[in-house]
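Please open the structure in a viewer and keep the sequence panel visible. The tour proceeds selection by selection.

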Amino acid sequence: MRPENSLVLVVVLNLVDLVSTITLIAFGLCYEANPVMSLFLGFHPLAFSLAKLSLVYAGIGFLYHHLDNRVCRVGCHLSAVVYLLVMLQHARVISQTLVA
């Protein structure tokens, strides 16, 4: 997979993560594990959303503008893998809730 495609996947998964995190937290099914993002969520879900989108898109912009660097190309793929793992965690929480 090209690094650019990994970044597109990160954009999509970030949006899915944002919506699913807020929804799962609203239903009391999970908590925000990232202490920085938890702080923003404590202020308001909108603050959480803006911070999450801003931070992730800043990282994506950095990686995209440095695709000539091998480490950044690997970072693109690692970002996508991490977000896929987060989505698996959300799916696990949802499936456990449906079974219970």
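The stops below run from the whole chain to a loop residue and then to a helix.

This is a predicted model, in which local features need pLDDT of at least 70 and side-chain atom pairs count only at pLDDT 80 or more, while totals for chains, interfaces and linings use all residues. Residues are numbered from 1 along each chain as its sequence is written, and side-chain values use heavy atoms, with hydrogens and water left out.

**Whole chain.** Begin with the cartoon view: the chain has four helices and zero strands (DSSP runs, numbered from the N terminus, with helices being H or I of at least four residues and strands E of at least two). The C-alpha trace spans about 45 × 30 × 20 Å along its principal axes. Of the 100 residues, 30% are buried (under 20% relative accessible area with a 1.4 Å probe, protein chains only; exposed is over 50%, and partly exposed lies in between). Among contacts with a separation of 6 or more, 69% join residues 24 or more positions apart (a contact means heavy atoms within 4.5 Å).

**Glutamate 32.** Select next the loop between helix H1 (3–26) and helix H2 (35–43), where glutamate 32 lies. Glutamate 32 is buried but has no salt bridge (a side-chain nitrogen of Lys or Arg within 4 Å of a carboxyl oxygen of Asp or Glu). Which side chain of opposite charge is nearest to glutamate 32? That side chain is lysine 52, 5.8 Å away (Lys and Arg count as positive, Asp and Glu as negative; His and the chain ends are not counted). The side chain of glutamate 32 does reach the backbone nitrogen of asparagine 34, at 3.1 Å. Leaving aside neighbours within four places in sequence, its contacts include Thr21, Ile25, Met37 and Phe48.

**Helix H4.** Now select residues 70–99, the 30 residues of helix H4, whose end C-alpha atoms are 44 Å apart, in agreement with the expected 44 Å (1.5 Å times one less than the number of residues). At the start of H4, a side-chain oxygen of asparagine 69 comes to within 2.7 Å of the backbone nitrogen of valine 71. Buried residues of H4 include Gly75, Ala80, Tyr83, Met87 and His90; H1 and helix H3 (45–65) are among what covers the buried residues.

**The cysteines of H4.** Finish with cysteine 72, buried at a relative accessible area of 9%, and cysteine 76, buried at 0%. Why is there no bond between the sulfur of cysteine 72 and the closest cysteine sulfur? The closest cysteine sulfur, in cysteine 76, is 7.0 Å away, which is too far for a bond. The structure holds zero disulfides (pairs of cysteine sulfur atoms within 2.5 Å).

Key:
Polar contact = N/O pair within 3.5 Å; in protein donor to acceptor, adjacent residues only side chain to side chain.
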